[in-house]
Amino acid sequence: MVTFEDFAARALALPQAHRRITWGTEHTFRVGEKIFAMGIPDGDRVSLKASKEDQAELTAAAPGVFAPAPYTGRFGWISVALAGVDPDELSELLAEAWRRAAPRRLVKAFDAADGRA
């Protein structure tokens, strides 16, 4: 099972990622000022930035783990059940969410270091 602390550590391991507490208790994970992930430490779900296509695929493949996120689901964001998600899949989803928010030059450098470019 993935804990919120695990999720936060994975998000903060991405280049130039930082955490900001917003709306009282919501921990938002950002690159620059753009949010790519968020959640509440006592919650059992987190939200990640995704495309509408990825959202549809994930929710169809594992509806107990993935769902459209409240409020932001119409933009493709996904809600992820921490108890049901595979840790490696979560890392991949976080990296993709980060890529959607990060500046192109940072993504390019990250992908080059990761062997993607």
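## Basis of the model

Contact here means heavy atoms within 4.5 Å. The structure is a predicted model, in which local features need pLDDT of at least 70 and side-chain atom pairs count only at pLDDT 80 or more, while totals for chains, interfaces and linings use all residues. Residues are numbered from 1 along each chain as its sequence is written, and side-chain values use heavy atoms, with hydrogens and water left out.

## Overall architecture

The chain contains four helices and six strands; helices (H or I, at least four residues) and strands (E, at least two) are DSSP runs, numbered from the N terminus. Their order along the sequence is α-β-β-β-β-α-β-β-α-α. The radius of gyration of the chain is 13 Å, close to the 13 Å that the globule rule gives for 117 residues, so the chain is as compact as a globular protein of that length. That radius is taken over C-alpha atoms, and the globule rule is 2.2 Å times the number of residues to the power 0.38. The C-alpha trace spans about 35 × 30 × 25 Å along its principal axes.

Of contacts between residues at least 6 apart in sequence, 44% join residues at least 24 apart.

## Surface and charge

Of the 117 residues in the chain, 45% are buried. Buried means under 20% relative accessible area, exposed means over 50%, and partly exposed lies in between (1.4 Å probe, protein chains only). The accessible surface of the chain comes to about 6600 Å², and 54% of this surface belongs to carbon and sulfur atoms. Accessible areas come from the Shrake-Rupley method with a 1.4 Å probe; for residues, only the protein chains shown count as cover.

The side chains include 15 positive and 16 negative ones, and the centres of the two sets lie 10 Å apart. In this count Lys and Arg are positive and Asp and Glu are negative, whereas His and the chain ends are not counted. The place of a charge is taken as NZ of Lys, CZ of Arg, CG of Asp or CD of Glu.

## Buried positions in strands β2 and β4

H27 belongs to strand β2, which covers residues 26-31. With a relative accessible area of 11%, H27 is buried. Its side chain forms a polar contact of 3.2 Å with the side chain of R19. A polar contact is a pair of N or O atoms within 3.5 Å; within protein, one must be able to donate a hydrogen and the other to accept it, and residues adjacent in sequence count only if both atoms are side-chain atoms. Residues up to four places away in sequence aside, H27 touches F4, R19, R20, I21, A37, M38, G39 and P41.

S47 sits in strand β4 (residues 45-48) and is buried, at a relative accessible area of 12%. Neighbours within four places in sequence aside, S47 is in contact with F36, A37, M38, A69, W77, I78 and S79. A37 and M38 thus appear among the partners of H27 and among those of S47.

## Loop residues

Two loop residues other than glycine have a positive phi: W23, near 55 degrees, and Y71, near 70 degrees. W23 lies in the loop between β1 (17-22) and β2, and its relative accessible area of 62% makes this residue exposed. Y71 lies in the loop between β5 (66-68) and β6 (78-81); it is likewise exposed, at 75% relative accessibility.

Q16 is placed in the loop between α1 (4-12) and β1. It is exposed, with a relative accessible area of 53%. Beyond four places in sequence, its contacts are R30, V31, G32 and L106. The C-alpha atoms of Q16 and R30 are separated by 8.2 Å, the two residues being 14 apart along the chain.

## Helices α2 and α4

A56 is part of helix α2 (residues 52-61) and counts as partly exposed, at 45% relative accessibility. Its C-alpha atom is separated by 27 Å from that of D114, 58 residues apart along the chain.

F110 is part of helix α4 (residues 104-113). At a relative accessible area of 19%, F110 is buried. Residues up to four places away in sequence are not counted among its contacts, which are L14, P15, W98 and R99. F110 and L48 are 62 residues apart in sequence, and their C-alpha atoms are 19 Å apart in space.
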